[in-house]
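Hello,

Here is the structure for your files. My notes on its packing and aromatic contacts follow.

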Amino acid sequence: DKNGNMYFATSKGIAYFGKDKKIKSFAQKNISAENNIINSIFIDKNEYIWVGVDSDGLYQFSKSGDLISVFKGELSNSSNPFIINSIEEDKDSSLWLGTNKGILHYFPLTNSFRTFNQQDGTQGSYFLRGSSFLDKSGKFFFGGRNGLNVFYSKDISHFSIPPPIVLTK
C-alpha cells in the first residue's frame, strides 16, 4: 500500500507485514480460506482493500480491517459462482475484475456490475489468476486461457442502442 505495508493471502484469511516489521492478521474472522481460495488482493485509490475469493465473491475492507461490503449474491448462484481472479481500477474508481465468466465491471456509485464475455469480444470466458495489468496510459490487459484482451475503459460501450422496429406486413 502507500505506506509500504505488504498484504498476503493465507489459510486463515489475510495477513500484512507492516513498517514495524511485524506480521499481523487482517480480516481473519470475515474470510476463512479453508473453504475458499483467496485469488486476488487489491488496494484502490481510496485505500480500500478488495479481496477476490474463490466461490465466495468479492470483499471490501477498510484499511483497519473492518468489513465494509461483501458481494456474494450479486456474483453467484450456488451451482456456478463467479471466481474473482484479478482486480484493477480505472481512473473513475470503477473496478474491472477478471473472472471465470468474463470481465466484470463494477460501478461503485450505483453498486452494479456489467459482465463482458465472448459475445462482447473477449478471448474467452475464463481469465487467469493474477493475469491483469493497468499501464500508465490507462490501458488494461487481461489474460485468459485463449489469449489476451487489451482495452481502454473509456472505449468500452456499456449500453447498446436497440435496433429499430420495422414492420414488413
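Leaving aside neighbours within four places in sequence, which residues is L97 in contact with? They are L58, I84, S86, I87, G102, I103, L104, F113 and F142, where contact means heavy atoms within 4.5 Å.

This is a predicted model, in which local features need pLDDT of at least 70 and side-chain atom pairs count only at pLDDT 80 or more, while totals for chains, interfaces and linings use all residues. Residues are numbered from 1 along each chain as its sequence is written, and side-chain values use heavy atoms, without hydrogens and water.

The largest nonpolar core (buried Ala, Val, Leu, Ile, Met, Phe, Trp, Tyr and Cys joined through side-chain atoms within 4.5 Å; buried is under 20% relative accessible area, exposed over 50%, partly exposed in between, with a 1.4 Å probe and protein chains only) has 11 residues, including L97, L104 and Y106. Strands β8, β9 and β10 each give two or more residues to this core; strands are DSSP runs of E, at least two residues, numbered from the N terminus. Another core, of 10 residues, lies apart from it and includes F26 and V51.

There are 15 aromatic pairs (Phe, Tyr or Trp ring centres within 6.5 Å, using the six-membered ring of Trp; planes under 30 degrees apart are stacked, over 60 edge-to-face, the rest tilted). Y106 and F113 have ring centres 4.8 Å apart and planes at 35°, so this pair is tilted. Y106 is buried at 4% relative accessibility, whereas F113 is partly exposed at 22%. F127 and F142 pair edge-to-face, at 6.2 Å and 85°. Both are buried.

Regards

Note on methods. Helices (H or I, at least four residues) and strands (E, at least two) are DSSP runs, numbered from the N terminus.
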